[in-house]
Amino acid sequence: MILNYGEFTSNLFVTGQLKRIVSWNLFKETRYPDIQTMTEMPLTAMTVFDRTTPDASEQQENLLLAGFYDGVCKLFDLRNPTHSQIVQRFGENVRSKSTAVVNVHIKPNNDNKIIYTAHSSGDMCFWDLRKSKCVGGKDRYQPLAHEAPKTLSVVSNNLKTVAFHNYAPVMACGSHDQGIRIWNIWGDKLNDIKFHEGFMGQKVGPSISLAFHPFDYKLVSAGLDNCVTVYGKSTQPQSLRY
C-alpha cells in the first residue's frame, strides 16, 4: 500500500496493486472520484504538491505526481475530469526506463518547477515540470545559481529507498549493501554511513525507509534489524528498538 497525505489540503491518497488512486478529504469526510492511472503497471511512488504556506501557489495543490514499476512518471491534474487527468509523462525515453521508480519528490513552494525521481537502477533524474524530458542543455542544468546534472547515478544497482530534504539541496539513498549515502543535487557525496560491527552486534542494517526532518538537518532510517536510527549534523545516532 502507498499512502500520501496533503497537510494543507487535508487530502488523503491511497493506492496499491490497483489501476486507480483512491482519495478522500479528511476534513470534509468526503470521498473524491477515483483517479485512473491508465496503465497495467503497479504504482510504486506518489507525492502530492501540498502548499506549506497560505501565500504559496494555489495551482500546485491540484497536482499529483506518481511513479510506476516500468520507470515512467505521470503528472495528474485533479481539476480535470476523471479520464483526462494525466497532463504529462516523464521518463519514457531515458536510461532509467524499465527500472522501478523508488521515489518522486517536489520541494514545497517550488519556484524553479523542478521535480526529482529516483529509480531502482540507482539513477536520479531532474525534470522541468513544464517539460517531459530531463532538464538542461547537453550535460547540465542551472536551477538556483548552481549547476546540477540532469541525471545522477548514486548507486550501481538495487536502490531501495530515497529521501529528499524539503529545503536543503540534499538527498539520502539506502540500498541492500547496508549503507546510507548522503548526496547533494550537484553530484557530490557528502557522507557515507556504512555497515560496521560493534560490541552488541551490527550497527547499520539494510534500510527499508528514509525520511528527513521537514526543516532541520536530521535523517531517520528504519532498517530490517528492527531499529529506527536518527542521524544529525554532529551528534551521535540514537537507536530505538521496537
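**Exercise 1. In what order do the 4 strands of the open sheet stand, and is the pairing parallel or antiparallel?**

Keep in mind that you're working with a predicted model.

Step 1. Trace the open sheet from one side to the other: the order reads β6-β7-β8-β9.

Step 2. Check the directions, and you'll find that the pairing is antiparallel.

Step 3. Now look at the edges. β6 (43-48) and β9 (86-90) each have a single partner strand, so one side of each is left without a neighbour in the sheet.

Step 4. Going from one strand to the next, the twist averages 20°.

**Exercise 2. Work out how many bridges join β8 to β9, and find the bridge partner of Cys 73.**

Step 1. Pick out β8, which covers residues 73-77.

Step 2. Count its bridges to β9: there are 4, and these two strands run antiparallel.

Step 3. Start from Cys 73 and hop across to β9, where the bridge partner is Phe 90.

**Exercise 3. Find where Glu 29 and Met 38 sit, then describe their phi angles and exposure.**

Step 1. Start with the usual case: most residues other than glycine have a negative phi.

Step 2. Glu 29 isn't a glycine, yet its phi is positive, at about 55°. Look for Glu 29 in the loop between β3 (20-25) and β4 (30-31). With a relative accessible area of 73%, Glu 29 is exposed, since the cut-off for that is over 50%.

Step 3. Met 38 isn't a glycine either, and has a positive phi of about 60°. You'll spot Met 38 in the loop between β5 (35-36) and β6. Here the relative accessible area is 43%, so Met 38 counts as partly exposed.

How values were computed:
Residues are numbered from 1 along each chain as its sequence is written. This is a predicted model: local features need pLDDT of at least 70, side-chain atom pairs count only at pLDDT 80 or more; totals for chains, interfaces and linings use all residues. Side-chain values use heavy atoms; hydrogens and water are left out. Two strands pair if DSSP finds at least two bridges between them. Axes are lines fitted to C-alpha atoms, for helices over the stretch in contact, and angles run from 0 to 180 degrees between N-to-C directions. Buried means under 20% relative accessible area, exposed over 50%, partly exposed in between (1.4 Å probe, protein chains only).
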